[in-house]
Amino acid sequence: MSLRRILAIMRKEFTQIRRDPRSLAIIFVLPLVLLLIYGYAVNLDVKHVPLCVFDRDGTQDSQDLLKAFQATEYFDVVHVARNYREVVEKIDTGECEIAVVIPHDFSQDLREAGGTSVQAILDASDSNSANIALGYTQAIVAAYSNRVQVEWAQRRGLPAPASVLDVRPRTWFNEDLESMATIVPGVVALVMAVVGAFLTSLTISREWERGTMEQLISTPVKALEIQIGKLIPYFLIGMVDTAVCAAAGVALFRVPFRGSWAALFGSSALFLVAVLSLGYWMSVVAKSQLAASQMALVATFLPTFLLSGFLFPIDQMPVVVQGITRALPARYYVTILRDVFLKGTPVRMFASELVALSMYALVLVTLATRAFQKRLE
Amino acid sequence: MNGNHEFSVTVEKLTKKFGSFTAVNEIGFETRKGEVFGFLGPNGAGKSTTIRILCGLLIPTSGKATVAGLDVGTQSERIRQQIGYMSQKFSLYNDLRVIENLRFFGGLYSVAAEELPKRVEWAVHMAGLEGREEAMTGSLPVGWKQRLALGCAVLHKPPVVFLDEPTSGVDPVSRRQFWELIHQMAKEGVTVFVTTHYMDEAEYCNRLVLIDRGRIVAMGTPTELKQKSMKGQLLLVECEPLGPGLEALRQAPGVEDAAVFGRALHAVVADAAGAAGPIRASLEAKKVAVSKVEQIPPTLEDVFVALTTTRGTRNPEARA
């Protein structure tokens with residue numbers, strides 16, 4: 001091994017990156033674009049659901065219930081219907097996702113018949129949002145029902161009926177149940193995977209395409225020196241990108257950062273080595289920039305997006321798919337990042353994930369090293 | 001180690017197959033130290049394959065070759081410090097400056113840090129690139145690029161230099177300058193192994209190998225080749241039209257072989273003085289207008305055509 005030759009390759013790579021607009025765009029623009037897209041546009045929280053109300057009763061009681069819907073940020077009352085046809089129309093056109101219909105004798109039944117019901121009509125074409133909206137609706141109605149019972153008892157001088165059992169929720173780690181807090185760590189992983197593998201996938205294939213590889217391998221430089229010299233610049237760039245994304249997540253999206261920076265950079269370093277080697281390996285195998293970069297994107301972006309737990313919870317997946325996620329370095333990295341950002345978990349708690357990442361890094365480095373031969377065939 | 005220190009490259013029964021295609025077929029030769037050794041042949045003859053084997057970039061199918069006393073099969077990593085190589089395609093980095101390319105290859109060849117500035121200066125001077133050190137390599141004309149590539153390949157002063165078609169696509173003036181550089185290096189004791197398909201350039205070589213379809217068809221100095229390999233004498237025939245003229249010439253009395261050379265015909269005959277008259281008469285009888293028939297000294301191209309077209313009928317044992 002010659003430090004001199006490694007430094008020569010490193011300097012050359014840095015110079016070429018500096019002069020290549022495409023590489024610069026991937027390094028500086030892509031991470032920000034991904035972070036902004038996923039940070040702002042992907043919002044899994046269901047809030048401000050457009051609601052249509054149809055009050056056929058028109059009493060103080062029915063208005064009280066509707067006020068409860070107005071008071072919450074989960075619903076926006078966008079239309080007050082005067083007949084049933086309007087209700088159907090609003091749901092049909094998609095203007096409202098949910099309609100609450102209060103029956104004629106709502107108030108009377110409530111006070112005299114000892115019970116009544118309201119109708120909720122939901123547009124379930126987005127089943128997830130519909131489910132959540134239904135949950136909100138039931139909660140609001142239950143709260144109202146509870147209040148009515150208490151008032152009824154008080155008016156008669158009876159003790160308020162105590163709830164036998166209720167839940168006192170305390171949400172940990174993400175107190176406001178903001179989906180942003182879980183997404184941003186995932187975006188960091190996505191950025192690393194794409195930037196890392198994409199950039200390195202070009203590095204060897206470009207030399208083959210331009211014919212410079214033949215000159216390069218006719219010199220005494222060793223294969224491992226080429227690999228180290230080519231990967232170190234991208235490693236440093238990747239680490240800077242990680243830091244920028246993490247800082248932007250904390251500053252722009254108010255994601256808490258409770259763990260240690262050492263844990264963040266340590267796990268990021270392992271993950272980077274894995275994806276950089278993956279890109280390098282594909283670059284060696286494909287020998288064409290187009291094929292290598294496509295392979296790198298397919299191998300990193302899609303799996304990280306779908307199977308890392310970044311957007312879709314792994315424990316909700318079918319068992320077979322859960323098994324597949326274990327083959328992805330990104331899955332372990334996302335788990336670690338969430339621990340580091342949200343929980344501040346001590347390192348020993350995600351030691352097994354770190355071990356898995358290290359193994360992937362080792363395997364991919366070995367594959368990349370073995371694939372590259374200083375020969376023309 | 002090869003005991004014979006007189007030779008810098010030795011090749012013995014070297015064969016390279018790609019699948020069922022035999023690119024190089026049992027070739028053998030030696031190059032002496034400090035000579036300009038030419039490898040001449042048409043495209044696809046096996047020149048680049050041979051050079052790549054000698055540089056350790058391809059593994060031979062069979063046979064043996066040594067460069068600077070080192071075996072190409074087992075010691076290719078050590079060979080790389082002993083050689084300079086210029087591939088057929090221009091292969092420096094177009095997006096690096098002249099000076100950056102030179103420093104990069106200086107680093108790869110581990111040229112001593114205190115010596116590097118001197119070597120870089122020498123290479124810039126040799127390539128005629130003074131004042132353009134900061135120019136982007138991609139912006140240079142082809143001739144200058146090739147001289148820069150040569151400079152990069154010999155920064156570490158290798159004893160053997162392999163140049164694969166270094167002058168293809170280069171204008172005539174730059175070609176001549178390039179050959180002056182080659183001869184200067186040879187004078188300093190460097191063995192220069194150069195391939196070309198320009199027959200006129202072959203005259204600049206000390207010794208030549210003619211290669212066709214993977215086989216060596218002749219070997220020797222340019223003069224030797226011209227004397228030994230041509231059986232008979234050569235006539236230049238200028239006539240109109242050329243196509244029917246060639247047909248008629250092949251059937252003319254005393255003509256052993258005929259071929260088109262530029263806008264004229266060359267004919268191989270046993271006795272030039274005696275054959276000129278009958279040839280002219282024979283062509284004119286077939287309504288071909290003959291403007292000139294005269295004896296000329298053979299060029300290497302004539303030698304090459306003679307050797308490759310008669311192969312099979314004549315034993316190609318013209319080896320020196």
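Let's start inside chain B of this predicted model. The largest nonpolar core has 106 residues, and the members that touch the most others are Val67(B), Val161(B), Phe162(B), Val192(B), Phe193(B), Leu249(B) and Ala267(B). If you're wondering which element puts the most into this core, look at helix α5 of chain B, residues 142-153, which supplies the largest share with six residues. As a general backdrop, nonpolar side chains in soluble globular proteins tend to be buried together.

Phe193(B) is a good place to zoom in. Leaving aside residues up to four places away in sequence, Phe193(B) touches Val9(B), Thr31(B), Phe37(B), Phe39(B), Ile51(B), Val160(B), Val161(B) and Phe162(B). Two of those partners, Val161(B) and Phe162(B), are also on the list of core members with the most contacts. Apart from this core there is another one, of 61 residues, and its members include Val187(A), Phe198(A), Ala296(A) and Tyr332(A).

Leu249(B), which we met in the big core, also turns up where two helices of chain B pack. Here α9 (residues 242-251) and α10 (residues 272-285) sit with their axes 9 Å apart, at an angle of about 130°. That angle falls short of the 145 degrees above which helices count as roughly antiparallel, so α9(B) and α10(B) are oblique to each other. Their crossing is right-handed. On the α9(B) side you'll find Gly245(B), Ala248(B) and Leu249(B), facing Ile279(B), Ser282(B) and Leu283(B) of α10(B). By class, that contact has four nonpolar residues, two polar ones and no charged ones.

Now hop over to chain A. Helices α2 (residues 21-41) and α7 (residues 179-210) of chain A pack at about 160°, again with axes 9 Å apart, and are therefore roughly antiparallel to each other. Their crossing is right-handed. From α2(A), the contact draws on residues including Ile26(A), Leu30(A), Leu34(A) and Tyr38(A), while α7(A) brings in, among them, Val187(A), Val194(A) and Phe198(A). Val187(A) and Phe198(A) are familiar from the 61-residue core. The contact of α2(A) with α7(A) has 17 nonpolar residues, two polar and no charged.

Finally, how do the two chains meet? Chain B puts 23 residues into the contact and chain A puts in 21. On chain B's side, the elements giving two or more residues are α2 (76-82) and α3 (98-108), with α3(B) giving the most, five residues. Chain B's side of the contact divides into 12 nonpolar, five polar and six charged residues.

Methods
Residues are numbered from 1 along each chain as its sequence is written. Chains are lettered from A and ligands numbered from 1 in the order in which they are written. This is a predicted model: local features need pLDDT of at least 70, side-chain atom pairs count only at pLDDT 80 or more; totals for chains, interfaces and linings use all residues. Two residues are in contact if their C-beta atoms, placed from the backbone, lie within 7 Å. Helices (H or I, at least four residues) and strands (E, at least two) are DSSP runs, numbered from the N terminus. Ala, Val, Leu, Ile, Met, Phe, Trp, Tyr, Cys and Pro count as nonpolar, Asp, Glu, Lys and Arg as charged, and the others, Gly among them, as polar. Axes are lines fitted to C-alpha atoms, for helices over the stretch in contact, and angles run from 0 to 180 degrees between N-to-C directions. Angles under 35 degrees count as roughly parallel, over 145 as roughly antiparallel, 65 to 115 as roughly perpendicular and the rest as oblique. A crossing is left-handed if the near helix is turned anticlockwise from the far one by less than a right angle, and right-handed if clockwise. A nonpolar core is a set of buried Ala, Val, Leu, Ile, Met, Phe, Trp, Tyr and Cys residues joined through C-beta atoms within 7 Å. A residue is buried if 20 or more other C-beta atoms lie within 10 Å of its own, exposed if 12 or fewer, and partly exposed in between; C-beta atoms are placed from the backbone.
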